[in-house]
Amino acid sequence: MEQDLKAELQKHGVFTTTFEELYNWGRKNSVWPLTFGLACCAIEMIATTMARYDLARFGAEVFRASPRQADLIIVSGTVTKKMAPQVVRLYNQMPEPKYVIAMGACAISGGPFRDGYNVLKGIDRYIPVDVHIPGCPPRPEALIDAFMALQRKIAGQQLTGGARARHLKPETPSEYPVPEHGEHGLEPTLNAEVWNPLRVIQ
Amino acid sequence: MTPEQIRSEIEAAIPGCSVEVAPNGAVPGQASLAVDRLHALEAAWFLRRHPGLLLDFCSNVAGVDWLDREISEKVKVRKLVDGVEQEAEETRKSKIPGRLEAVYHLFSIEKKQGPVILRVRTENRSDRVEIPSLTPVWRSAEFQEREIFDLYGIVFTGHPDLRRLLMWEGFTDHPMRKDYVPPPEDDGPQDPRGAVGKEAAAG
């Protein structure tokens with residue numbers, strides 16, 4: 001339906017919507033994150049949920065203590081190579097539809113600890129990330145901004161057709177291979193199906 | 001007590017124990033005691049029970065990796081040059097073999113004094129890396145010795161639970177050693193080693 005017509009009808013007290021819009025409106029306003037923190041970014045994440053910043057305004061106040069009940073995993077902090085398989089396993093245990101926010105420089109790329117011997121160079125090497133937040137650590141406003149970006153993404157997801165959401169395509173996996181602890185590091189070092197680094201523009 | 005006094009007391013109390021006072025050129029100038037590894041446990045018990053020291057608290061254990069070093073000293077030598085005795089300078093080179101070291105920082109809560117710094121050295125840094133664990137003397141050394149075992153590869157004999165602390169079981173390297181090379185990983189567009197880096201370099 002055309003937006004102009006919809007606006008015109010609304011002026012006359014006729015509210016129109018589609019099943020897709022209604023469905024996404026419901027989903028985007030009750031995204032339950034997983035109770036899961038890794039480092040200093042987790043402190044900012046906790047502050048975001050508290051009264052001053054109040055993530056509850058966006059319907060995300062219910063942090064679930066089980067991945068089986070969570071819709072969103074906020075990777076908040078440095079992912080060590082020792083921890084990385086557990087993070088992937090937690091993601092695998094979440095039911096669809098599920099979303100990932102990579103919070104802070106460490107979760108994006110390893111950040112200031114990138115060259116450390118036990119630091120994973122970004123969680124997007126193993127699981128698909130929906131929103132990246134830069135910062136070290138990002139302020140609660142940045143997390144709220146990322147959360148609103150995720151809400152816009154959910155609201156725009158299509159339920160049918162070729163461009164439908166990731167979780168509705170039968171060919172896209174909902175679980176990803178868990179990396180193994182090898183003798184010198186993680187094996188494999190990345191999942192090429194997931195990892196999509198920015199290309200250098202020359 | 002000065003480190004020299006402590007040294008002579010340890011050597012007098014434990015027959016066969018050799019202690020070396022290692023000077024510290026840095027500003028605090030805290031000299032440390034390098035105890036030979038065969039008598040380190042006895043010396044530790046001695047320091048803990050000595051009525052004048054009562055070192056009842058081990059605040060910190062650190063690992064050090066010393067690579068093979070070459071020290072060149074300038075020495076003045078008298079030489080016969082064309083039948084005439086002359087003073088000449090010669091550089092002498094001496095090699096210090098590489099080794100691993102555990103450094104214990106000891107305090108006395110009872111006496112409100114410290115620190116006394118104890119060093120225990122391994123024979124080399126490849127296959128003879130055993131030194132006695134001082135966890136039986138100071139319980140607080142347990143996790144720190146595990147961390148040193150993990151990151152430097154010093155094997156503490158007599159440790160109650162010697163497992164890796166930070167890295168996983170099955171990891172074979174010791175990342176804090178100076179010759180540690182991390183495994184190659186594709187670092188993204190900036191990394192010329194990886195597939196993506198090559199693609200970016202080719203345009």
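Two strands count as paired if DSSP finds at least two bridges between them. I apply this criterion throughout to a model that is predicted.

**Entry 1. The β4–β5 hairpin of chain B**

I looked up the pairing of β4(B), residues 69-81, with β5(B), residues 84-96, and found an antiparallel arrangement with 13 bridges. As one register point I noted Ser72(B), whose bridge partner in β5(B) is Lys93(B). The two strands form a hairpin, and two residues lie between them. In that turn, Asp82(B) has a positive phi of about 55°.

**Entry 2. Strand β1 of chain A**

I next examined β1(A), which spans residues 72-76, and recorded five of its five residues as buried. In a regular strand the side chains alternate between the two faces of the sheet. I therefore checked each side of β1(A) and found both covered. Leu72(A), Ile74(A) and Ser76(A) are buried on one side, and Ile73(A) and Val75(A) on the other. The partner I looked up is β2(A), residues 99-103, which runs parallel to β1(A) and is joined to it by five bridges. Within this pairing, Ile74(A) stands opposite Ile101(A).

**Entry 3. The nonpolar cores**

I then turned to the largest nonpolar core, which has 40 residues. Among the residues with the most contacts inside this core are Ile10(B), Leu47(B), Tyr104(B) and Leu118(B). The elements of chain B that give it two or more residues are α1, β1 (19-22), β2, α2 (40-49), β3 (57-66), β6 (99-108), β7 and α3 (141-151). Of these, α2(B) supplies the largest share, with five residues. I also recorded a second, separate core of 23 residues, which includes Phe36(A), Tyr91(A), Ala107(A) and Tyr126(A).

**Entry 4. Leu118(B)**

From the largest core I selected Leu118(B), which lies in strand β7 of chain B. Is Leu118(B) buried or exposed? Its relative accessible area is 1%, and the cut-off for buried is under 20%, so Leu118(B) is buried. Setting aside residues up to four places away in sequence, I listed its contacts as Leu33(B), Val35(B), Leu47(B), Ala102(B), Val103(B), Tyr104(B), Leu106(B) and Leu134(B). I also looked up the separation of Leu118(B) from Ala44(B): they are 74 residues apart in sequence and 8.6 Å apart in space, C-alpha to C-alpha.

**Entry 5. Helix α3 of chain B**

How many of the 11 residues of α3(B) are buried? I recorded eight, so the helix is largely enclosed by the rest of the structure. The buried set contains nonpolar and charged residues. It consists of Ala141(B), Glu142(B), Glu145(B), Arg146(B), Ile148(B), Phe149(B), Asp150(B) and Leu151(B). What covers these residues includes β3, β6 and β9 (155-157) of chain B. After the helix I noted Gly153(B), which has a positive phi near 85°.

**Entry 6. The second largest pocket**

I looked up the second largest pocket and noted a volume of about 200 Å³. Its lining comprises 14 residues, and those nearest its centre are Met1(B), Pro3(B), Ile6(B), Pro115(B) and Val116(B). Two or more lining residues come from each of α1 (3-13), β2 (32-35) and β7 (113-121) of chain B. The element that gives the most is β7(B), with five residues. I classed the lining as 10 nonpolar residues, four polar and no charged.

**Entry 7. Backbone exceptions**

Where are the cis peptide bonds that I noted in chain A? One runs from Cys136(A) to Pro137(A), with omega near -15°. Pro137(A) is in the loop between β3 (131-133) and α6 (140-155) of chain A. Another joins Glu187(A) and Pro188(A), with omega about -5°. Pro188(A) is in the segment after β5 (186-187) of chain A.

I also recorded non-glycine residues with positive phi. Asp54(A) has a phi of about 55° and is placed in the loop between α3 (40-49) and β1 of chain A. Its relative accessible area is 27%, so I entered Asp54(A) as partly exposed. Lys112(B) likewise has a positive phi of about 55°, and its place is the loop between β6 and β7 of chain B. I entered Lys112(B) as exposed, because its relative accessibility is 74% and the cut-off is over 50%.

Key
Residues are numbered from 1 along each chain as its sequence is written. Chains are lettered from A and ligands numbered from 1 in the order in which they are written. This is a predicted model: local features need pLDDT of at least 70, side-chain atom pairs count only at pLDDT 80 or more; totals for chains, interfaces and linings use all residues. Side-chain values use heavy atoms; hydrogens and water are left out. On a 1 Å grid over the protein atoms alone, a cavity is a set of points where a 1.4 Å probe fits but cannot get out, and a pocket is an open set with protein on both sides within 12 Å along at least five of seven lines; lining residues have an atom within 4 Å of a point. Grid points are joined across faces, edges and corners, and a volume is the space filled by probe spheres set on the points. Helices (H or I, at least four residues) and strands (E, at least two) are DSSP runs, numbered from the N terminus. A nonpolar core is a set of buried Ala, Val, Leu, Ile, Met, Phe, Trp, Tyr and Cys residues joined through side-chain atoms within 4.5 Å. Buried means under 20% relative accessible area, exposed over 50%, partly exposed in between (1.4 Å probe, protein chains only). Contact means heavy atoms within 4.5 Å.
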